[in-house]
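Student: I would like to learn how to read a structure like this one feature by feature. Could we go through it slowly, with the general idea before each case?

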Amino acid sequence: MSPARGRAAAAAMAGALRRSGRSAAPPRGRSRKRASPRGGAPAAAPAPPPARHLFSDPAEVEALRRNLLAWYDRCKRDLPWRALAASEPDADRRGYAVWVSEIMLQQTQVATVIDYYTRWMQKWPTLQALAQASLEEVNELWAGLGYYSRGKRLQEAARKVVSELAGRMPRTAEELQKLLPGVGRYTAGAIASISYGQATGVVDGNVIRVLCRLRCIGADSSSPAVIDRLWDMANVLVDRSRPGDFNQALMELGATVCVPKSPLCGECPVKQHCQAWRRVEKELAFASQKLFGKAPPVPDVEDCVGDCPLCPPATEPWDSSLGVTNFPRKAAKKPPRAMRTATCVLERRGCHGAPEYLIVQRPSSGLLAGLWEFPSVPLAQDLQEEKEREELADHLQTWMGQPMAAKGLQFIGEVIHIFSHIHQTYVVYSLHLDGDVILDPALSPSRWVTEHEFHASAVSTAMKKVLKAHEKQRRKESSPAKGSKRKRGAKAPGAGSPCPGTQLSLRAFLRAPTAP
Ligand code: SF4
């Protein structure tokens, strides 16, 4: 390591220690104790975390950077945003290209993002182009990527850069986070380091996993105290001359080698710096020596003595059967909230005989804001089937302004879709209309679409699953050999329907409900 880079690493470590409220080791001979402000007994300074949880050796930091970057240069995946970040000479376009990729990659796999990213950058290659797009266009392109508010926020922020910052992207992590709505600490660090070469670390899920394993951090990795430590560590480690590559390398390692369930430690370029791996190796050596009746070559590795805030809690100590996957640990997540929604595929024959479906637009805020869906209504959890059907019929009635018989709705099946915090069950019905209906223009926007138009619209993946279930049911019905195996099939077809699966006419459906 060059003396200059060694000094830089040491200075970064000191800075990180300062930010985290910890102190570096004092000069020899100076006491760790501070004088009491009232002149009483000196107050003890908080003990620094044990060395095994830190990167306190500049030589090791330098070696880790070198090994990780050499591996990245050899093994990195070829990704469109990396190509743009490396080749785009215009700084604002470069920052925008990285920004879009980082927003799309939040909570979404690289393989899924590639196609969306390519289409997005073709359609809106600059901030100015995105600023001029409509929200409907943004939602259409984003459809299927999930977490739909990301696209909306990205576009709002692009408009802000164009209108308030003269189209110039902020160049530092601090400014990016401060000035751009929807840009948090991670995204700001990623844009600043990758696009503008700022030596600032990043901490995302992959980095958390790698750092917790490298330094045996077994405390709850989602707690603010641990997250602060990890940011300090990322800022210490980041390579001063290639910060963007280093950050991407650390994330790439987490995504491809140091994966959650079966990490490939044998192929890991930084295993010699990994405390978790060392511990496993020592345990293996210990076990094999014991097997042959020899004295163990090294003492078994223990967690820190006393109440270490970064070690696994005493109630959940290291479990040898888990190896390095002892880390990271998270407090148990709240189970997702269960929700039921009745939804109706309203179908009619279009002018060319092809089916058309009615879709309506969701409100402009909240879950799936602004997206299109089949007419739907949320249900209470413990409703009887009959009641669910009635609620949906009442809801449809408000669209069409005429009384409706709930029995006319044909049950298709249940479709489950998991959002990040919601376990959603769609109870799917269908209704075929043989004429047009007058929809109340005072209600949410609605339109009839062909199947092709449906897929090109801003509809969620959940609604695509609903249409798929409907089509599957239709195919079953048109194939008499197979028949229908609907769970509720025996009960669902409406009265007036001559046989299960027969589509009702609008006239039959829109009759006044019979008295109970
Ligand atoms: Fe992860 Fe294993 Fe590498 Fe440690 S040695 S960083 S646990 S892959």
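Tutor: We will go from the whole protein to a pair of helices, then to two single residues and the ligand. Please keep in mind throughout that this is a predicted model.

Student: What does the protein contain in terms of helices and strands, and how many of its residues count as buried?

Tutor: An overview begins with the elements and the burial. The protein has 18 helices and seven strands, and 47% of its 516 residues count as buried. One can also ask how far along the sequence the contacting residues lie from one another: among contacts with a separation of 6 or more, 67% are between residues 24 or more positions apart.

Student: How should I read the crossing of helix α4 and helix α5, and at what angle do the axes cross?

Tutor: A crossing is read from the approach of the axes, their angle and the handedness. Here the axes of α4, residues 91-105, and α5, residues 110-123, come within 10 Å of each other and cross at roughly 140 degrees. Angles over 145 degrees would count as roughly antiparallel, so at this angle α4 is oblique to α5. The crossing in which α4 passes α5 is right-handed.

Student: Which residues make that contact, and of what class are they?

Tutor: From α4 the contact is made by Tyr 96, Ala 97, Val 100, Ser 101, Met 104 and Leu 105, while α5 contributes Val 110, Val 113, Tyr 116, Tyr 117, Trp 120 and Met 121. By class, this contact has 11 nonpolar residues, one polar residue and no charged ones.

Student: In the loop between α4 and α5, is Thr 108 buried or exposed?

Tutor: Burial is judged from relative accessible area, with under 20% as the cut-off. Thr 108, which is found in that loop, has a relative accessible area of 14% and is therefore buried. Leaving aside neighbours within four places in sequence, Thr 108 is in contact with Val 113, Leu 145 and Arg 150. The C-alpha atoms of Thr 108 and Gly 146 are separated by 8.1 Å, although these residues are 38 residues apart along the chain.

Student: Where is Asn 247 found, and what does it touch?

Tutor: Asn 247 is found in helix α13, residues 243-256, and counts as buried because its relative accessibility is 2%. Not counting residues up to four places away in sequence, Asn 247 touches Ser 193, Thr 200, Gly 201, Val 202 and Val 238.

Student: Finally, which residues surround the ligand?

Tutor: A ligand shell is read first by its members and then by their classes. The ligand is surrounded by Arg 213, Leu 214, Cys 258, Cys 265, Cys 268, Lys 271, Cys 274, Trp 277 and Val 324. By class, the shell has seven nonpolar residues, two charged residues and no polar ones.

Note on methods
Residues are numbered from 1 along each chain as its sequence is written. This is a predicted model: local features need pLDDT of at least 70, side-chain atom pairs count only at pLDDT 80 or more; totals for chains, interfaces and linings use all residues. Side-chain values use heavy atoms; hydrogens and water are left out. A residue is near a molecule or strand if one of its heavy atoms lies within 4 Å of it. Ala, Val, Leu, Ile, Met, Phe, Trp, Tyr, Cys and Pro count as nonpolar, Asp, Glu, Lys and Arg as charged, and the others, Gly among them, as polar. Axes are lines fitted to C-alpha atoms, for helices over the stretch in contact, and angles run from 0 to 180 degrees between N-to-C directions. Helices (H or I, at least four residues) and strands (E, at least two) are DSSP runs, numbered from the N terminus. Angles under 35 degrees count as roughly parallel, over 145 as roughly antiparallel, 65 to 115 as roughly perpendicular and the rest as oblique. A crossing is left-handed if the near helix is turned anticlockwise from the far one by less than a right angle, and right-handed if clockwise. Contact means heavy atoms within 4.5 Å. Buried means under 20% relative accessible area, exposed over 50%, partly exposed in between (1.4 Å probe, protein chains only).
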